[in-house]
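Student: I'd like a close look at one helix here, with a bit of the whole chain around it for context. Could you walk me through it?

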Amino acid sequence: MSSDLDVFVGNTTLIDEEVYRLWLDGHSVAEAVARRLRGGVLEREGTSVAVLQSDTRDHYRTFQMLERLLHAPPRLLQQLLFQIPPERQALLVQRYYAFDEALARELLGKKLSKGTKKELDEVSARTGVGIRSCRRQGCRGRIWGARGCWGCWGGCGVPLAAGPSDPRSARRDYAAIVFFANSRFETGKRRLQFLSFADFAACAQSMMGHWSQGALGDVPLSPAPEAAEPDGDLPKSFLQDLKELKVLVTDKDLLDQHKSLVCSALRGKISVYNELEANFKALSRALVNVGGKLTHARDVRDFFVDLVEKVIEPCRSDKWSPGDLRLFLTQYTAAPRNLPGFRHQALWERYMAAITACLLRMYHD
């Protein structure tokens with residue numbers, strides 16, 4: 001008489017990174033076993049298919065029990081049931097909260113709700129990300145829970161990151177997702193498809209860094225409460241103040257003086273000087289008016305569409321190089337310091353700092 005037993009005895013919870021990745025990607029146990037077989041695990045480990053199946057099921061059970069702790073990373077540090085070394089705890093959190101950029105690009109700017117979840121089948125087909133993984137990444141609670149990543153998670157010593165070496169990068173990306181979801185910026189139009197999630201995340205970082213109450217450009221682990229508007233919103237008072245900048249394009253004398261200062265500074269320094277001189281007023285109106293309209297929800301939504309349609313596409317049409325655009329924006333921002341009738345230089349420079357960063361990031365094929 002004989003019996004077969006699967007026995008595991010130990011104190012430290014073993015985490016197989018390959019199996020964890022397969023679980024996160026939403027593969028079933030059978031699919032994970034098949035992938036491990038194709039990867040040659042039997043030859044490397046000298047084991048059998050039955051043992052491989054048992055090992056995979058055991059890891060999956062462990063990950064399923066750990067998932068409730070991963071929903072609140074500080075609890076992972078405090079619990080005693082699973083003996084997991086700190087570096088492994090960090091890896092579990094980092095991998096669980098990492099997201100696929102293609103999926104993030106699809107969801108960017110959308111209000112994350114039950115309706116969004118119903119669209120995930122289509123999103124999965126477009127991006128090639130497994131449906132279970134889409135559901136995990138698109139979960140409303142995970143995205144909106146990113147608000148706590150700067151304070152609670154960081155303060156508890158659990159780094160939130162897409163990779164072990166860069167905990168701040170993913171926090172900025174999550175902040176960008178929250179920022180876009182709040183502001184409802186349009187990102188799906190055809191003329192915006194050349195922009196990646198990384199492009200939009202960099203723009204969000206610049207806008208939050210220069211336009212919010214505090215500088216979020218270098219997100220601290222535990223920022224002071226006043227470091228940002230609640231929920232990533234931009235201050236309404238700042239957006240209202242931007243209307244004051246319209247004087248630069250509505251006052252004919254200021255507009256002419258501004259043009260004269262910029263053109264004098266750039267004569268002989270950029271390859272598109274003639275185009276700049278001919279189109280300065282149109283460009284200036286576009287740059288000023290895009291900020292002056294941000295008090296209206298519809299115009300906030302079209303912010304990036306306006307930048308592309310009214311600034312980037314005309315510059316591309318005139319064959320501006322990125323260097324030309326950088327020189328122009330630098331002089332364009334600095335010139336009002338020498339305009340006697342202009343009294344909003346600090347507001348102007350704060351506004352143009354983010355606009356410049358966005359345009360330079362977006363100005364590519």
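Tutor: Sure, let's take helix 4, and start with what covers it. Its buried residues are covered by, among others, helix 1 (17–24), helix 2 (29–38), helix 3 (41–45), helix 5 (73–78) and helix 6 (86–97). A quick word on the source: this is a predicted model, where local features need pLDDT of at least 70, side-chain atom pairs count only at pLDDT 80 or more, and totals for chains, interfaces and linings use all residues. Residues are numbered from 1 along each chain as its sequence is written, and side-chain values use heavy atoms, with hydrogens and water left out.

Helix 4 itself runs over residues 49–70, which is 22 residues. From first C-alpha to last it reaches 30 Å, close to the 32 Å expected at 1.5 Å a residue (that expected span is 1.5 Å times one less than the number of residues). Helices here are DSSP runs of H or I, at least four residues, and strands are runs of E, at least two, numbered from the N terminus.

Which side chains are tucked away? Buried means under 20% relative accessible area, exposed over 50%, and partly exposed in between, using a 1.4 Å probe and protein chains only. The buried set in helix 4 is Leu52, Ser54, Thr56, His59, Tyr60, Thr62, Phe63, Leu66, Leu69 and Leu70. An α-helix has 3.6 residues a turn, so residues three or four places apart point the same way.

Stepping back, the protein has 22 helices and zero strands. Of its 365 residues, 46% are buried. Contacts (heavy atoms within 4.5 Å) with a separation of 6 or more are 71% between residues 24 or more positions apart.
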